[in-house]
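Q: I'm new to this one. Can you walk me through it?
A: Sure. Here it comes.

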Amino acid sequence: MSAGATSNARTVHGIDVAAVRAETPGCAEVIHFNNAGAALPPRAVTDAVHEYSAREALIGGYEAAEAAADEIEATRAALAALLGARPHQLALIENATRAWDMAFYGLPLASGDRILTCRSEYASNYLAYLQVRRRRGVRIEVIPDNEFGEIDTEAAARLLGPDVKLISITHVPTHGGLVNPAEAIGRLARSAGCYYLLDACQSVGQMPIDVALIGCDFLSSTGRKFLRGPRGTGFLYASERALSEIEPPFIDGHAATWTAVDSYELRRDARRFENWEFNCATRIGLGVAARYASALGLEAIWQRVQSLAARLRSRLAQIEGVRVCDLGRTQCGIVSFLCRDVHPEAVKTALARQRINVSVSDLAWTRIDMDARGIPALVRASVHYYNSEEEVDAFAAALAAVLRSPSLNEKLLPH
Ligand SMILES: Cc1ncc(COP(=O)(O)O)c(C=O)c1O
């Protein structure tokens, strides 16, 4: 693998771009700027998944799992290494939302307790707050943003009080380049003694993440986005405090042992948040993806992602009628923009015809922020380290041509 490469002509920001592209079959097919949806996986990931599935078909699912027990379990250690955690603090769950749910719905929240969240909170998380408000009478408070569009940590400090039981925020929102100040919020949560739940679905895999520096009790994420793992994979980190205090909202014979007819004992480690049944092939693939990212180095990945995204923002800013919408002082690989008079879906469709992948973020997924900014939908172009400068330039040229095209006229936004 190229990950060990140090410096040669093809190495940019410590990454051998030609090699990582050669290891990514999809690079020959599309310009993939939908890494915030699901990244193109490296061949090593898909090979591992296919090989394991083939073994299952040949010798039986349980038998294959027994034979590959170490390989399957190695995924936990790979993710722990990526996050600065210990393997027993990682639960492997089928997606980021369920991982988040296993933490959130296990928290001992009662009537009158306050939850502090952020303006760019993800829909599924906010829906859970609303449900728990309806069921248990908790209060939801949204921390204002500062002038840069990041969570205002001073405002957050002012909101703290003994009745704040949880700070729950999204690190990188689904719909833009913003990176929220997760470490500063961690310091506040520690000073207040409340629980801290971090949705790191869009940040893991594109930037260094250290749970000890962040100081969260829980961190949830997914495999398929910037980590480049298989779909249908996710995980939850739980701190020692969380492991000693928080019970999962529901359990099975893997999370707990039925010790006597009337009693059970929960596992002490993060596996208490898992299911017994899982997809072994994709779990192995997730481990391969985590090791692949670690071998390249998250610092190098982050440098390259930021540089490509900055190039894309600057190219977009030069196109007549395009407005880049990203917030925050530190900006990540997600680039959001609007095209004057053209609906984001029409932009996406026109680019797809040229084998260029982007996605559309609509208001229903980040309602508080998008309502406040008066934006019903955005184009989301998300780059990763394996994308190239040439792709960024080709993307900008294709977009400019699309916007000049008369065939877009029928897709004009209603005024
Ligand atoms: C910020 C954020 N949180 C959570 C999720 C949900 O992840 P999953 O689909 O793996 O449950 C997403 C998915 O796009 C996201 O962008």
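Q: Which hand does the crossing of H13 and H15 have?
A: Right-handed. This is a predicted model, by the way.

Q: What angle do H13 and H15 pack at, and how far apart are the axes?
A: The angle is about 115°. The axes of H13 (residues 344-352) and H15 (residues 389-404) sit 10 Å apart.

Q: Which residues make that contact?
A: H13 brings Val347, Ala350 and Leu351. H15 brings Phe395, Ala398, Leu399 and Val402.

Q: And how do they divide by class, nonpolar, polar or charged?
A: The H13 and H15 contact counts 7 nonpolar residues, with no polar and no charged ones.

Q: New topic. How much confidence does the chain get in pLDDT?
A: The average pLDDT is 95. A score of at least 70 goes to 96% of the residues.

Q: Where does pLDDT stay under 50?
A: Over residues 1-8. The model has 14 contacts beyond four places in sequence for that stretch.

Q: What should I do with a stretch like that?
A: Where pLDDT is low, don't read the predicted coordinates in detail.

Q: Back to helices. How do H2 and H11 run, parallel or antiparallel?
A: Roughly antiparallel. The axes of H2 (residues 43-59) and H11 (residues 280-296) cross at roughly 155° and come within 8 Å. H2 passes H11 in a right-handed crossing.

Q: Which residues touch there?
A: On H2, Ala44, Val45, Ala48, Val49, Tyr52, Ser53 and Glu56. On H11, Cys280, Ala281, Thr282, Ile284, Gly285, Val288 and Ala289.

Q: What's the class split for H2 with H11?
A: There are 10 nonpolar, 3 polar and 1 charged.

Q: What about H5 and H6, which angle and axis distance do they have?
A: H5 (residues 96-104) and H6 (residues 123-136) pack at about 30°, and their axes are 11 Å apart. That angle makes H5 roughly parallel to H6. The crossing of H5 past H6 is right-handed.

Q: Which residues are in the contact of H5 and H6?
A: Thr97, Trp100 and Phe104 come from H5. Ser124, Asn125, Ala128, Tyr129 and Val132 come from H6. By class, this contact of H5 with H6 has 5 nonpolar, 3 polar and no charged residues.

Q: Switching again. How many salt bridges does the count come to?
A: The count is 23. One salt bridge joins the side chains of Arg76 and Glu73, at 2.5 Å from N to O.

Q: Where do Arg76 and Glu73 lie?
A: Both are in helix H4 (residues 69-83). They are 3 residues apart, about one turn of the helix.

Notes. Residues are numbered from 1 along each chain as its sequence is written. This is a predicted model: local features need pLDDT of at least 70, side-chain atom pairs count only at pLDDT 80 or more; totals for chains, interfaces and linings use all residues. Side-chain values use heavy atoms; hydrogens and water are left out. pLDDT is the predictor's confidence in each residue, from 0 to 100. Contact means heavy atoms within 4.5 Å. Axes are lines fitted to C-alpha atoms, for helices over the stretch in contact, and angles run from 0 to 180 degrees between N-to-C directions. Helices (H or I, at least four residues) and strands (E, at least two) are DSSP runs, numbered from the N terminus. Angles under 35 degrees count as roughly parallel, over 145 as roughly antiparallel, 65 to 115 as roughly perpendicular and the rest as oblique. A crossing is left-handed if the near helix is turned anticlockwise from the far one by less than a right angle, and right-handed if clockwise. Ala, Val, Leu, Ile, Met, Phe, Trp, Tyr, Cys and Pro count as nonpolar, Asp, Glu, Lys and Arg as charged, and the others, Gly among them, as polar. A salt bridge is a side-chain nitrogen of Lys or Arg within 4 Å of a carboxyl oxygen of Asp or Glu.
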